[in-house]
Amino acid sequence: MVGIFGRRLFFGIAGSGVSAGFLWGIFEEKPQTNTLLKNNPDLFVKWDFNWDRRDPHSLVKPPKNGDPLEQNRYNVQLVKATPKASRHLILIRHGQYIMANDDCNRKLTELGKEQADIAGKRIKNLGFPFTRIIQSSMLRALETSQMIQKHLEGVRVETCDLIREGAPIPPEPPVGHWRPEAQQFYQDGARIEAAFRKYFHRASPDQEKDSYDVLVCHANVIRYFVCRALQLPPEAWLRFSLHNCSISWIVIQPSGRVIAYTVGDIGHMPTDKMSTS
């Protein structure tokens with residue numbers, strides 16, 4: 001039996017003695033009911049196109065009536081409020097660093113410096129017209145950013161306290177080796193969520209071309225950003241790991257759709273240069 005354009009074709013052999021004949025038949029496939037969806041409706045959640053509160057339909061006042069002039073006003077305003085470009089966010093985790101009690105002593109190791117240089121070369125080879133580099137104010141991120149900047153001369157650099165490392169939200173499932181106090185989740189979570197809302201949104205309507213921002217920050221922050229951007233449960237952020245100087249590439253389209261081109265890409269790093277701490 002074989003399938004042809006949504007139909008199934010069957011054939012058989014019939015006959016007696018030395019004579020034989022072929023029986024051909026075509027029957028329509030019946031549509032299959034998605035039993036998983038039917039029995040578990042809570043597992044499927046529709047995409048929220050107004051997740052950044054910048055959907056044009058939510059920004060423009062609806063028509064007051066059915067008058068053609070009023071409808072025309074609404075349509076004109078809707079076009080003006082509709083983005084035309086995509087925003088590309090390149091998220092880079094810092095390089096390997098020295099474990100110390102204070103941030104001022106958490107410098108990159110020699111391996112960490114090599115990782116940052118390799119990541120910088122990779123970003124340069126992408127060949128994009130980068131808009132800016134946004135760096136965390138923690139030392140290991142600053143040093144990583146400095147290495148990357150050598151390969152992206154002339155790109156504007158901004159430092160941001162909001163994307164410092166922290167505890168974004170209690171992970172599910174919890175882990176035994178890492179249990180911050182509830183107060184830390186409360187404080188860090190609000191800050192990291194504020195960073196997400198600051199940097200993750202669709203382009204403004206007056207942006208004519210795609211933009212490319214590089215964010216040099218930390219594993220917890222990046223993982224939380226990825227979950228939030230893809231509308232996945234944010235408490236799932238600790239279910240995946242990120243290598244040092246790995247690259248995660250998120251694209252926010254004009255429609256509000258978000259696509260992850262890469263998450264934790266480490267293909268640019270030689271195997272003997274890989275590390276996760």
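This briefing describes the fold, the central strand, a helix pair and one loop residue of the structure shown above. The model is predicted. The protein chain contains 7 helices and 9 strands, and 41% of its 277 residues are buried. Of the contacts between residues at least 6 apart in sequence, 67% join residues at least 24 apart.

**The open sheet**

- An open sheet is built from 6 strands, arranged in the order β6-β5-β7-β4-β8-β9, and its pairing is mixed.
- The edges of the sheet are held by β6 (156-160) and β9 (258-265); each has a single partner strand, so one side of each lacks a neighbour in the sheet.
- From one strand to the next, the twist averages 15 degrees.
- Strands of a sheet pair through backbone hydrogen bonds, in either a parallel or an antiparallel arrangement.
- The pairing of β5 with β6 is parallel and extends over 5 bridges; within β6, Arg156 is the bridge partner of Arg132.
- Helix α5 (residues 139-149) packs on this sheet and touches β4, β5, β6 and β7. The direction of α5 makes about 155 degrees with that of β5.

**Strand β7 and its neighbours**

- Strand β7 spans residues 211-217, and 7 of its 7 residues are buried, so the strand is largely enclosed by the rest of the structure. Buried here means under 20% relative accessible area.
- Side chains leave β7 in two directions: Ser211, Asp213, Leu215 and Cys217 point one way, whereas Tyr212, Val214 and Val216 point the other way. The residues of both groups are buried.
- In the strand order of the sheet, β7 stands between β5 and β4.
- With strand β4 (residues 87-93), β7 forms a parallel pairing over 7 bridges, in which Arg87 stands opposite Ser211 of β7.
- With strand β5 (residues 132-136), β7 also pairs in the parallel sense, over 4 bridges; here Arg132 stands opposite Asp213 of β7.
- Arg132 thus has a counterpart in β7, namely Asp213, and a bridge partner in β6, namely Arg156.

**Packing of helices α6 and α7**

- Helix α6 (residues 182-199) and helix α7 (residues 219-229) have axes that come within 10 Å and cross at roughly 55 degrees.
- This angle makes α6 oblique to α7, because it falls outside the ranges for roughly parallel (under 35 degrees), roughly antiparallel (over 145) and roughly perpendicular (65 to 115).
- The crossing of α6 past α7 is right-handed.
- On the α6 side, the contact is made by Ile192, Glu193, Ala195 and Phe196; on the α7 side, by Val221, Tyr224, Phe225, Arg228 and Ala229.
- By class, the residues of this contact comprise 7 nonpolar and 2 charged, with no polar residue.

**Arg54 in its loop**

- Arg54 lies in the loop between α1 (35-39) and α2 (56-59).
- The relative accessibility of Arg54 is 33%, so this residue counts as partly exposed. The value lies between the limits for buried, under 20%, and exposed, over 50%.
- Leaving aside residues up to four places away in sequence, Arg54 touches Leu59, His201 and Arg202.
- Arg54 and Ala203 are 149 residues apart along the chain, and their C-alpha atoms are separated by 9.0 Å.

Key: Residues are numbered from 1 along each chain as its sequence is written. This is a predicted model: local features need pLDDT of at least 70, side-chain atom pairs count only at pLDDT 80 or more; totals for chains, interfaces and linings use all residues. Side-chain values use heavy atoms; hydrogens and water are left out. Buried means under 20% relative accessible area, exposed over 50%, partly exposed in between (1.4 Å probe, protein chains only). Two strands pair if DSSP finds at least two bridges between them. Axes are lines fitted to C-alpha atoms, for helices over the stretch in contact, and angles run from 0 to 180 degrees between N-to-C directions. A crossing is left-handed if the near helix is turned anticlockwise from the far one by less than a right angle, and right-handed if clockwise. Contact means heavy atoms within 4.5 Å. Ala, Val, Leu, Ile, Met, Phe, Trp, Tyr, Cys and Pro count as nonpolar, Asp, Glu, Lys and Arg as charged, and the others, Gly among them, as polar.
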